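Reader: I would be grateful for a close look at a single part of this model. Please explain how two packed helices are described and how charged side chains may pair.

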Amino acid sequence: MSGGGDHDHDRAEVGVVIATRDRREVLLSTLTRLRALPESPPIVVVDNASRDGTAAAVAERFPAVELLSLDRNRGAAARNFGAELLATPYVAFSDDDSWWNAGSLRRAAELFDRFPSLGLLAARILVGPERRLDPTSAQMRAAPAPGLPGPRVVGFVACGALVRRSAFLGAGGFCERFGIGGEERLLTIDMGTAGWDLCYAGELVAVHAPDGGARPGRPWRERRNDLWTSWLRMPAGEALTDTWRLAREGFGDRTAWEALLAALPGLPWALRRRRAV
């Protein structure tokens, strides 16, 4: 991307995708912030079959936002549909309670343009009204890798991630079976295996403002998804070790036990889809 002030060109570089379900008021507040960005990014909202009038409210309040209403809850995989709808080469993900700081999308496009091997950028995530640094972002801070704008990462948080659209879709996007919670690790592995670089760029800032609303089932779902990822991609010995570890933890940890019980019905599916790296 050229460094000039071609506003229309900037608009075409990065689009924003939000997957949501039953969080109408929070989403509307987030859309207000995203629509105010100087980059004027195209925005796609993918509604996971909300029952609270989300779709109607978005259509009424934000007619310029592209809205896709799904007939059932597809979890994190809803983001895949949004990325497919966008015509931009780069995609920024937001949750219904997160948004991007002014200038971050434009800077991300510059980095993607400058480093053609980049498939994903993990931004610095600031949490809550006090804007504290997300622990995951803190762990990512390190010296830049050779030939990249930042350190390599082996994971990311979706609400603070930007992807090269072709790399994301080429890797299959997020797995629908995972729902939401710990869905990022499998995609990280698959994008890396496909030869894309993934790195942290602390100059890019996403703000996450969780409202404390319940997200049922999340603790066990993340651990189940970690085990599924192990079955799908890890060498056999490591996958067996991960399974045994979760089973052992289950004797004193209800969440671990629930995760194991939830994972086991997916074992035949995981073995069919297994591609160890």
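Author: **Salt bridges and a helix pair**

In this predicted model, a network of salt bridges links Arg23, Asp96 and Asp97. Side chains of opposite charge can pair when their charged atoms come close. The count of salt bridges in the model comes to 18.

One of these joins Glu249 and Arg223, with N and O 2.5 Å apart. Glu249 belongs to helix 10 and Arg223 to helix 9, so this pair ties together parts that are 26 residues apart in sequence. Glu249 is partly exposed, its relative accessible area being 31%; Arg223 is also partly exposed, at 25%.

The two helices deserve attention in their own right. Two packed helices are described by the angle between their axes and the distance between the axes. Helix 9 spans residues 218–233 and helix 10 residues 236–249; their axes come within 8 Å and cross at roughly 155°. Angles over 145 degrees count as roughly antiparallel, and helix 9 and helix 10 are therefore roughly antiparallel to each other. The crossing of helix 9 past helix 10 is left-handed.

From helix 9, Arg223, Leu227, Ser230 and Trp231 take part in the contact; they meet residues of helix 10 that include Glu238, Asp242, Leu246 and Glu249. By character, the residues of this contact divide into 4 nonpolar, 2 polar and 4 charged. Arg223 and Glu249 thus appear both in the list of contacts and in the salt bridge described above.

Key
Residues are numbered from 1 along each chain as its sequence is written. This is a predicted model: local features need pLDDT of at least 70, side-chain atom pairs count only at pLDDT 80 or more; totals for chains, interfaces and linings use all residues. Side-chain values use heavy atoms; hydrogens and water are left out. Axes are lines fitted to C-alpha atoms, for helices over the stretch in contact, and angles run from 0 to 180 degrees between N-to-C directions. Helices (H or I, at least four residues) and strands (E, at least two) are DSSP runs, numbered from the N terminus. Angles under 35 degrees count as roughly parallel, over 145 as roughly antiparallel, 65 to 115 as roughly perpendicular and the rest as oblique. A crossing is left-handed if the near helix is turned anticlockwise from the far one by less than a right angle, and right-handed if clockwise. Contact means heavy atoms within 4.5 Å. Ala, Val, Leu, Ile, Met, Phe, Trp, Tyr, Cys and Pro count as nonpolar, Asp, Glu, Lys and Arg as charged, and the others, Gly among them, as polar. A salt bridge is a side-chain nitrogen of Lys or Arg within 4 Å of a carboxyl oxygen of Asp or Glu. Buried means under 20% relative accessible area, exposed over 50%, partly exposed in between (1.4 Å probe, protein chains only).
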